[in-house]
Amino acid sequence: MLPPYRIKVVEPIAFLSAEQRRMAIASAGYNPFNLRADQITIDLLSDSGTGATSDAQEAVAALGDESYAGARSWFRFRDQVGSLTGYPFILPVHQGRAGERVLFSNLLKPGQICVSNTHFDTTHANVELVGARPVDLPCAEAADLDSSEPFKGNIDLDALEHLLDGPDGGKVGLVLMTITNNGLGAQPVSMANLKATSELCRRHRIPFFLDAARFAENAWLVHEREPAYRDMAPRQIATTAFGYADGCVVSLKKDGLSAVGGFIGLRDEQLHAACEANLIATEGFSTYGGLAGHDLERLAQGLREVVDPWYLQARAASTARMAQLINDAGVDTVQPAGIHALYLNAGRLLPHLSPAQFPGHALGCQLYLDGGIRCAELGSLYLGAMDENHQLVTPAPFELVRLAIPRRVYTDTHLEYVAAILADIAKDPERVSGYRIVSAPPILRHFKVRLEPLT
Ligand code: F0G
């Protein structure tokens with residue numbers, strides 16, 4: 001599948017020797033977040049803010065109006081976001097988690113519950129920071145990593161209804177649907193699930209919001225997998241999805257095709273006024289929200305480009321092709337392949353390592369040691385419950401590794417290289433050693449944890 005662009009500006013990547021990589025990861029405390037970018041050959045740590053911009057985006061960036069208030073760039077951004085989402089009130093923010101903080105501190109009260117198909121890690125943390133409790137209710141199909149059900153990102157509607165009708169129902173202050181479900185294998189949420197959740201929330205008078213960082217990729221997977229939407233363009237599907245919700249919080253570092261940015265979309269005027277006051281005090285005036293005029297311009301153009309069916313089809317095909325190569329090499333990935341990332345089943349590849357030896361993390365480190373590839377663990381190191389001595393008490397349900405794929409950055413040749421390094425590991429998985437924690441921070445452990453290999 002041919003991508004609808006060619007490359008005009010390139011950036012060199014680093015090739016270190018095996019010995020240099022060994023020293024680099026050791027001095028990083030075996031935490032890929034501590035590596036320097038110039039120590040990495042292929043960086044699959046995140047698809048966030050890591051995409052390539054287009055010539056059209058760079059051209060309109062020159063039109064950036066840096067007026068403190070009422071900049072022309074703001075109106076162009078607002079009109080684009082407004083017509084995409086249909087929300088009357090838009091507040092710009094510098095990235096998704098800033099929007100989460102502003103929204104939750106005005107929408108959630110201490111003691112309340114926020115329900116999601118799966119909260120992303122910063123979303124989870126921001127719910128907790130306002131004294132509320134995040135509850136994940138993923139659909140049952142999500143628990144079978146190998147099943148090829150089309151919409152494993154869905155929320156469990158029966159469980160949600162049960163919660164809303166039960167003794168804790170009155171405590172639910174927000175239902176937040178993450179599209180696509182980044183915490184659970186990049187799986188999409190169906191329009192049927194969004195509509196049913198919306199109706200359920202309306203009946204219970206509970207705000208229903210979208211965490212729509214990958215709204216365009218969700219729309220493409222709906223177009224591909226949900227028969228009623230086969231003839232609808234991705235942009236129209238996305239607009240319909242936003243239409244089901246009372247508002248949204250969006251990181252535009254993903255489907256905004258830009259390095260920074262985000263927004264909050266709202267229908268409620270009072271909530272908008274409260275969030276706006278908070279935004280002005282903490283992020284910036286409500287016509288820039290911490291963004292420069294040139295960022296707003298790139299974002300407005302990025303939002304036009306990201307819903308191009310040809311672009312989405314080529315990106316989905318590239319990820320699916322990589323998944324096939326990896327699976328053929330004997331490494332299982334969460335099925336079916338999503339778009340922004342592949343999730344390797346490290347627990348299955350490395351059965352000689354127990355969850356307390358962090359097989360996902362071990363596989364991630366091996367990918368760096370063998371190929372200079374950086375990725376992120378999504379297993380017990382990230383999600384497991386630990387005691388004060390950093391001993392694992394409750395393992396994560398799965399030991400996964402996420403290979404996130406930046407937008408318009410790597411060619412299929414780069415991705416073939418990653419698959420080849422993995423294939424090599426799969427030939428002799430027992431050579432991969434486990435790890436133990438040396439030190440860890442109290443929250444969001446994975447960012448700053450330091451480890452050492454078990455001998
Ligand atoms: N929601 C989802 C679903 C996300 O994936 C992210 C970020 C955020 C919110 C927060 O947005 O980074 O702009 O503050 N995800 C990145 C990732 C970091 O690698 O998956 P942000």
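This report walks through the ring pairs, cysteines, backbone details and open spaces of one predicted protein model.

Because the model is predicted, local features need pLDDT of at least 70 and side-chain atom pairs count only at pLDDT 80 or more, while totals for chains, interfaces and linings use all residues. Residues are numbered from 1 along each chain as its sequence is written, and side-chain values use heavy atoms, with hydrogens and water left out.

## Aromatic rings

A pair of aromatic rings is described by the distance of the centres and the angle of the planes. Here, rings of Phe, Tyr and Trp (its six-membered ring) pair if their centres lie within 6.5 Å; planes under 30 degrees apart are called stacked, over 60 edge-to-face, and the rest tilted. How many aromatic pairs does a search of the whole structure find? The search finds 7. In one of them, the ring centres of Trp74 and Phe77 are 6.2 Å apart and the planes stand at 35 degrees, so this pair is tilted. Both residues belong to helix H3 (residues 72-85), where they are 3 residues apart, about one turn of the helix. Helices (H or I, at least four residues) and strands (E, at least two) are DSSP runs, numbered from the N terminus. An α-helix has 3.6 residues a turn, so residues three or four places apart point the same way. Trp74 and Phe77 are both buried, where buried means under 20% relative accessible area, exposed over 50%, and partly exposed in between (1.4 Å probe, protein chains only).

Phe215 and Phe242 give another tilted pair, because their ring centres are 5.7 Å apart and their planes are at 50 degrees. This pair links distant parts of the chain: Phe215 sits in helix H8 (residues 215-225) and Phe242 in helix H9 (residues 234-244), 27 residues apart. Phe215 is buried at 2% relative accessibility, and Phe242 is buried at 1%. Elsewhere, ring pairs join Tyr68, Phe285 and Tyr288 into a cluster.

## Cysteines

A disulfide is a covalent bond between the sulfur atoms of two cysteines. The cut-off used here is a pair of cysteine sulfur atoms within 2.5 Å, and the whole structure has 0 disulfides. Why does Cys139 have no bond to the closest cysteine sulfur? That sulfur, in Cys201, is 16 Å from the sulfur of Cys139, which is too far for a bond. Cys248 has its closest cysteine sulfur in Cys275, at 12 Å, again too far for a bond. Cys139 is buried, with a relative accessible area of 8%, and Cys248 is buried at 0%.

## Backbone details

Most residues other than glycine have a negative phi, and most peptide bonds are trans. The table lists some residues and bonds to look up in the structure.

| Item | Backbone value | Place |
|---|---|---|
| Ile179 and Thr180 | cis, omega about -15 degrees | Thr180: loop between strand S5 (172-178) and helix H7 (191-203) |
| Gln335 and Pro336 | cis, omega about -15 degrees | Pro336: loop between helix H12 (309-328) and strand S9 (341-345) |
| Ala186 | positive phi, about 60 degrees | loop between S5 and H7 |
| Leu257 | positive phi, about 50 degrees | loop between strand S7 (247-251) and strand S8 (262-266) |

Ala186 is buried, with a relative accessible area of 1%, and Leu257 is buried at 2%. A glycine with a positive phi, near 85 degrees, is Gly131, which follows H5. Within helix H5 (residues 121-129), the buried residues include Asp121, Thr122 and Val127.

## Pockets and cavities

Both kinds of space are found on a 1 Å grid over the protein atoms alone: a cavity is a set of points where a 1.4 Å probe fits but cannot get out, and a pocket is an open set with protein on both sides within 12 Å along at least five of seven lines; lining residues have an atom within 4 Å of a point. Grid points are joined across faces, edges and corners, and a volume is the space filled by probe spheres set on the points.

The second largest pocket holds about 1100 Å³ of space. It is lined by 34 residues, and the closest to its centre are Val9, Gly51, Ala52, Arg408 and Val409. Where does the second largest pocket lie? It lies between domain 1 (18-47 + 308-453) and domain 2 (55-305), because both give residues to its lining; the domain bounds come from an automatic or database domain assignment. The lining of this pocket has 16 nonpolar, 7 polar and 11 charged residues. In this count, Ala, Val, Leu, Ile, Met, Phe, Trp, Tyr, Cys and Pro are nonpolar, Asp, Glu, Lys and Arg are charged, and the others, Gly among them, are polar.

The structure also holds 1 cavity of 30 Å³ or more. The largest cavity has about 40 Å³ of space, and its lining residues include Ala142, Leu184 and Gln187. That lining divides into 5 nonpolar, 2 polar and no charged residues.
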